[in-house]
Amino acid sequence: MEDVVMGAQNHYPVVIVGAGPAGIAAATLLGQYGIECLILDRWADVYPQPRAVHLDDEVYRIVERLGVGEEFASISRPGLGLRLLDTTRGLLAEFHRDPTRSRHGHPESNMFDQPEFEALLRRNLKRHPSVTLRGDSEVTGMSDLAGGRTRVSFTDRGDGSQHVVDCDYLLGCDGANSMVRRHIGATMRDLRFEQRWLVVDVDSAVDLHQWGGVHQLCDPRRAGTFMQVKDSRYRWEFRLLPGESAGDFATLPALRPLIAPWLGAVPDADLRVIRVAEYTFRAQVADRWRRGNIFLLGDAAHLTPPFIGQGMGAGLRDAMNLSWKLAGVLRGRLPRDVLDTYQKERKPHARSMIGLALIVGYSMTAGGRAGAAVRRVIAPRMHRIPGLATTVTASGTPPLSRGALVQRRFGRGQLAGSLCPNAMTDTGRRVDSLFGNGFAVVTTVEPDPGDRAMVEGRGALLHYAAPGTVLADWLHRAGTPAAIVRPDHTVMRAGSLRELCRAVPAF
Ligand SMILES: Cc1cc2nc3c(=O)[nH]c(=O)nc-3n(C[C@H](O)[C@H](O)[C@H](O)COP(=O)(O)OP(=O)(O)OC[C@H]3O[C@@H](n4cnc5c(N)ncnc54)[C@H](O)[C@@H]3O)c2cc1C
């Protein structure tokens, strides 16, 4: 029998294992709805090593929803997109992103430092009194209880004491080696991509005068990536050759031949190596993301090779997708079966983004005649492949799959599953700020008091988009007079105002 300490509070509606970006985002969003949750992580502080450096404008909307949009702007810089370069660094293809264009109210491409971003998220979490973050707490096991509840065991790494806590819902945000994933019997489906890469972060006060986007060097002998992350921070990634390891590049003299093409005459004395690390990039998706009241989010559910900078973003999308549904169920506003839509919506989306990352990955690394053909013939035309250019660099990602909360029909129902633009409205506020964290009905047909009463009676907002506004044009282009927008900014259903007033869920 374990010597177990029951904490001051031994039951929470939600326990989250893992306080990386996915876990903190889920906790923050649940906290916004006042849901009590405990988040456990084995480390006292954020994981200090740089990993993610890029997020797109769709994900930026989530960052803003978390409450740190302005602060994120101060720790990030807009990027100019993606260039595929040949072995001599000649241009094969460019996917330009306009830092000033903002369908979603934010730059289309944003460069940042993950530990700095995570520190920001953790500071922000303190604004939510219903959330308790407990660091230095290693989760050691979990067991199923009656009624779908789960008992979580953890060890305080400071004093070695052992604890248990029970919860109604458990979120596994515990990263690539997820223990929660093992507990629910899920396994990763391998999408047959595994490469060892060297990741190099360098600080330099000297401007390297390089193009301000992501440079992808398509070289089957040694593919590489370069980008400026922030004013003085630069990131290189290189594929490791068989027999090589990070140790071979631990010093600046050993590293210099690899990074020299981007350095010009900058002397070693002006370069400070922050980190040289080896990572194995994988493409994997868990076969199931849920068992009963236990869900997987983030790297626990999917691994995306970082070539299009979408892995962490996928975890934030998971948190955004699940949190309002779970809050709705816990507050008794939504039926429990809305939780079935989480995997149904998120898994195909994540799978499709991994597919895009693989196309870019293969165009950088594939050898032989097939690889040469990809680079010579396909890469320069990639911007013409429908959906690819917009998704690789203009960040319009695929619509969510149909289901109870994405009611897509033929004809004018086509908007369902896609994001409502975060347009400026005639109230002087953008959509996300105006619509808040509930449902909204947006309409080009002037509502009568009865429509308004019905929508507002369900806790939703009714917004009239006057002729000539961005939202009115968006609805006109889709051939529909109105749409229901969910709390995660996704269109649930398009159709006539009268029909939508009756269909908007009470939340
Ligand atoms: C080199 C590199 C570059 C990348 N570039 C990008 C990019 O540009 N853009 C992008 O979007 N993504 C990128 N990614 C991916 C991104 O870093 C990850 O997808 C993201 O960190 C995953 O977040 P997460 O919260 O799911 O998991 P993690 O960040 O792995 O967090 C999991 C947390 O769970 C905790 N934990 C695990 N097990 C336990 C346990 N038993 N008990 C208690 N706590 C536990 C861990 O301590 C950790 O804090 C990159 C990754 C790499 C390696």
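## Exercises: a ligand and some rings

Thirty residues surround the ligand, and Asp-41, Arg-51, Val-139, Asp-299 and Met-312 come nearest of the 30 (a residue is near if one of its heavy atoms lies within 4 Å). This is a predicted model, where local features need pLDDT of at least 70 and side-chain atom pairs count only at pLDDT 80 or more, while totals for chains, interfaces and linings use all residues. Residues are numbered from 1 along each chain as its sequence is written, and side-chain values use heavy atoms, with hydrogens and water left out.

**Exercise 1.** Find what lies 2.6 Å from an oxygen atom of the ligand, then look at Val-139 and Gly-313.

*Solution.*
- Start with Asp-41: an N or O atom in its side chain is 2.6 Å from a ligand oxygen. That's a polar contact (a pair of N or O atoms within 3.5 Å).
- Go on to Val-139, where a backbone N or O atom lies 2.9 Å from a nitrogen atom of the ligand.
- Then take Gly-313: a backbone N or O atom sits 3.2 Å from a ligand oxygen.

**Exercise 2.** Work out how much of the ligand the protein buries, and which elements give two or more residues to the shell.

*Solution.*
- Taken alone, the ligand exposes 1000 Å², and the protein buries 91% of that (areas by the Shrake-Rupley method with a 1.4 Å probe).
- The elements giving two or more residues to the shell are helix H1 (21–32), strand E9 (137–144), strand E16 (272–286) and helix H7 (311–330) (DSSP runs, H or I of at least four residues for helices and E of at least two for strands, numbered from the N terminus).

**Exercise 3.** Describe how Phe-112 pairs with Phe-117, and how Tyr-234 pairs with Trp-236.

*Solution.*
- The structure holds 20 aromatic pairs (ring centres of Phe, Tyr or Trp, with its six-membered ring, within 6.5 Å; planes under 30 degrees apart are stacked, over 60 edge-to-face, the rest tilted).
- Phe-112 and Phe-117 are edge-to-face, 5.5 Å centre to centre with 70° between the planes.
- Phe-112 counts as buried because its relative accessible area is 0%, and Phe-117 is buried at 0% too (buried is under 20%, exposed over 50%, partly exposed in between, with a 1.4 Å probe and protein chains only).
- Tyr-234 and Trp-236 form a tilted pair, 6.4 Å centre to centre and 40° between the planes. Both of these residues are buried.

**Exercise 4.** Say which residues ring pairs link into a cluster.

*Solution.*
- Ring pairs join Phe-193, Trp-197, Phe-281, Phe-307 and Tyr-362.

Notes:
A polar contact is a pair of N or O atoms within 3.5 Å; within protein, one must be able to donate a hydrogen and the other to accept it, and residues adjacent in sequence count only if both atoms are side-chain atoms.
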